[in-house]
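Trainee: Could you take me through one part of this model slowly? I'd like to see how you go from the picture to a conclusion.

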2 protein chains.
Amino acid sequence: MKKRSVTIKDVAKKAGVGVGTVSRVINNSPHVKPKTKEHVLKVIKELGYLPNPHARRLSSGHTRLITTIFPQMVGEFHQLLLSGLDSALEKEGYTSFLYPLYSENRYSFVQESSDFVLGTDGLLVDALNVDKLLSSFIPKNMPVVSVEYESETYDSVLVDNFYGGILAGDYLSNFDGEIYVVSHRKESKLESTVFQERVNGFIESVERKGRKITKIFEIQLDWLQAFNTAKKIFSNSKKCVIFAATDYFAFPILEYARVIGLEPKKDFHLCGFDNLSLSDILNITTIKQPIFEMGEIAGQILLRKIQGYIRKPQSIVLKPELIVRKT
Amino acid sequence: MKKRSVTIKDVAKKAGVGVGTVSRVINNSPHVKPKTKEHVLKVIKELGYLPNPHARRLSSGHTRLITTIFPQMVGEFHQLLLSGLDSALEKEGYTSFLYPLYSENRYSFVQESSDFVLGTDGLLVDALNVDKLLSSFIPKNMPVVSVEYESETYDSVLVDNFYGGILAGDYLSNFDGEIYVVSHRKESKLESTVFQERVNGFIESVERKGRKITKIFEIQLDWLQAFNTAKKIFSNSKKCVIFAATDYFAFPILEYARVIGLEPKKDFHLCGFDNLSLSDILNITTIKQPIFEMGEIAGQILLRKIQGYIRKPQSIVLKPELIVRKT
DNA sequence: CTGAAAGCGCTTACAG
DNA sequence: CTGAAAGCGCTTACAG
């Protein structure tokens with residue numbers, strides 16, 4: 001029932017020019033006489049003409065759009081990653097929109113109706129096993145970059161999580177007390193293994209130092225679970241050192257310790273991972289990831305692939321860094 | 001240079017049928033003989049055929065896609081809102097992707113290249129002045145729903161923020177001490193006024209009770225700023241009551257109080273807004289918003305508009321609720 | 001149930 | 001600098 005909207009033909013007719021000319025002006029082609037352009041622009045405004053994006057994309061073959069897929073939304077982390085991505089994309093007039101997989105339904109949706117991914121020029125996948133996720137629904141020639149997961153099929157950019165774990169282990173091994181690890185349990189088989197790698201590095205380091213890990217907890221990405229885990233840890237031993245595989249867990253742990261009157265660096269030691277702003281505020285020792293840079297590099301690679309650069313997929317691995325603060 | 005991908009014609013030819021038939025099978029039309037369908041499906045698989053979404057959208061006129069625009073990414077809040085939205089959209093085979101406006105560039109991008117919004121069937125805008133944001137770039141017949149902002153042009157669904165402020169005021173006025181408010185300063189003129197309304201309601205209530213507000217702080221949506229604000233507040237007066245216009249601020253305030261050894265409900269009182277899970281963990285008294293419901297209702301309205309339902313724009317206003325905990 | 005054909009609204013050589 | 005026309009890859013009456 002919605003009345004047909006105004007098309008390029010309507011504009012052409014009213015402006016007394018060919019549709020080609022109208023097309024040129026809306027695409028800012030330099031090959032239009034200024035006077036013609038001005039006139040066409042006026043008619044466009046009068047008619048309230050808005051080019052149909054589907055038609056444009058069908059004939060031009062591109063959209064200047066990128067899809068970004070990732071598991072849960074972790075506000076600050078993604079804002080940083082995406083800012084990095086934006087900084088690369090903007091230069092070429094691209095932008096990205098997001099498709100977070102925070103529910104089962106969303107997992108199946110991407111896999112079943114790849115349609116909306118195919119409707120963009122490229123795909124960035126964060127912290128997910130792209131190789132399994134994409135399967136046969138994405139054509140071979142679709143430009144894809146994997147972040148925080150080392151793909152076998154596509155270019156990847158990630159941080160050396162194992163080494164990050166080593167750094168945390170080397171730091172925490174200096175202190176007395178029982179050693180605990182609080183890590184993330186994958187909620188989907190498709191999530192990447194970054195957490196496992198961090199833990200593996202940590203284990204490696206701790207063992208090299210001749211220490212033992214008392215217990216490893218694996219929980220969901222959830223404040224409350226981390227809080228309750230802290231409760232368990234501190235009920236076992238007041239004197240302890242804890243590696244939280246993400247700052248997101250480090251906060252509630254510190255918080256709980258404070259509630260029961262424990263003092264960081266005296267009663268316990270704690271090292272997080274990520275270096276989110278909250279670890280700065282709370283003065284939590286952590287492993288810093290270059291998040292913005294990951295996004296930026298991923299964007300650059302993606303753009304190159306879209307532009308036709310072909311090469312064997314390779315991985316770019318950035319180094320994490322220990323930031324010692326007051327825990 | 002990328003080799004032309006396989007089209008519906010290729011499939012038709014190889015399967016020995018017309019393109020119409022291929023179209024019918026990929027669209028799951030019931031008017032295809034099972035045998036034909038099976039055969040075509042086989043050929044599709046052999047050829048690795050993937051329908052071109054742009055062509056589909058151009059001729060069918062729809063995408064079953066919704067754009068969701070909102071300011072910064074606040075992990076949990078949006079995950080809830082979007083889950084509500086999903087629950088409405090999924091029933092009709094729709095899904096939404098996100099376009100957060102966390103940077104200046106993104107603001108101008110939506111406004112300049114409305115293109116990618118027009119490429120979807122509908123638009124959900126959260127916590128933004130839609131009326132100004134959309135201006136002339138969105139055609140009049142585009143289905144739009146506004147959440148957390150009362151639009152003059154479109155349907156809106158929101159919580160009665162003023163009343164929420166009243167609830168907070170009625171609660172906090174019971175306690176002695178200087179009264180402070182920590183609210184959000186808009187980072188863009190286009191952000192909605194929910195925070196202002198909460199504060200207005202709070203002021204109204206407090207004045208009715210014959211009390212006075214000592215100071216109102218307006219800060220960015222940032223842990224550190226809230227933390228530092230708490231520092232200022234507590235350096236003025238140890239005995240105080242604080243209204244944090246979002247739980248996001250309530251946490252660092254509580255945290256700071258704890259660091260300097262203050263005890264909630266004894267030394268100070270605190271009421272947040274939103275009822276995010278962290279306020280539950282930290283036992284912060286707060287004003288609960290029905291976030292999921294907002295998303296769900298918005299989705300239902302959007303769907304109806306897409307389906308052609310036309311009516312005057314109206315607002316649906318939900319009631320917030322005081323949740324008394326240990327602050 | 002199926003095929004041939006028109007049409008969706010653009011872009012882009014091509015010829016002038 | 002500009003117009004007429006082919007083409008992008010589908011969907012959908014229409015006729016059979």
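Let's pick helix α12 of chain B: what should its 13 residues span, and what is the distance between its end C-alpha atoms?

Mentor: Happy to, and keep in mind that this is a predicted model. Helix α12 of chain B covers residues 247-259. At 1.5 Å a residue, with the expected span taken over one less than the number of residues, those 13 residues should span 18 Å. The end C-alpha atoms of α12(B) are 18 Å apart, so the two values agree.

Now look at what surrounds the helix. α12(B) is mostly covered, with 11 of its 13 residues buried. The buried ones run from B:Asp247, B:Tyr248 and B:Phe249 through B:Ala250, B:Phe251, B:Pro252 and B:Ile253 to B:Leu254, B:Glu255, B:Tyr256 and B:Ala257. After the helix comes B:Gly261, which has a positive phi, near 80°.

Next, step back to the two chains together. On the chain B side, 42 residues are in contact with 42 residues of chain A. Helix α12 of chain B is one of the elements that each supply at least two residues to that side, and α11 (223-236) and α13 (277-281) are also among them. Sorted by class, this side of chain B has 22 nonpolar, 14 polar and six charged residues.

For a spot elsewhere in chain B, try B:Leu50, in the loop between α3 (34-47) and α4. B:Leu50 has 19 other C-beta atoms within 10 Å, and being buried takes 20 or more, so B:Leu50 is partly exposed. Leaving aside neighbours within four places in sequence, B:Leu50 is in contact with A:Leu118 and A:Pro139. From B:Leu50 to B:Glu255 in our helix is 205 residues in sequence and 53 Å in space, C-alpha to C-alpha.

Finally, hop over to chain A, where there is a helix α12 (residues 247-259) too. Its axis and that of helix α11 (residues 223-236) of chain A come within 8 Å and cross at roughly 50°. That angle makes α11(A) and α12(A) oblique to each other, and their crossing is right-handed. From α11(A), A:Trp223, A:Ala226, A:Phe227, A:Ala230, A:Lys231 and A:Phe234 take part, meeting A:Phe249, A:Pro252, A:Ile253, A:Glu255, A:Tyr256 and A:Ala257 of α12(A). By class, that contact has 10 nonpolar, no polar and two charged residues.

Note on methods. Residues numbered from 1 in each chain as written. Chains lettered and ligands numbered in written order. Predicted model: local features only at pLDDT ≥ 70, side-chain atom pairs only at ≥ 80, totals over all residues. Axes fitted to C-alpha atoms, helices over the stretch in contact; angles between N-to-C directions. Helix = DSSP H or I, 4+ residues; strand = E, 2+ residues; numbered from the N terminus. Parallel < 35°, antiparallel > 145°, perpendicular 65-115°, else oblique. Left-handed = near helix turned anticlockwise from the far one by under 90°. Contact = placed C-beta atoms within 7 Å. Nonpolar A, V, L, I, M, F, W, Y, C, P; charged D, E, K, R; others polar. Buried ≥ 20, exposed ≤ 12 C-beta atoms within 10 Å, placed from the backbone.
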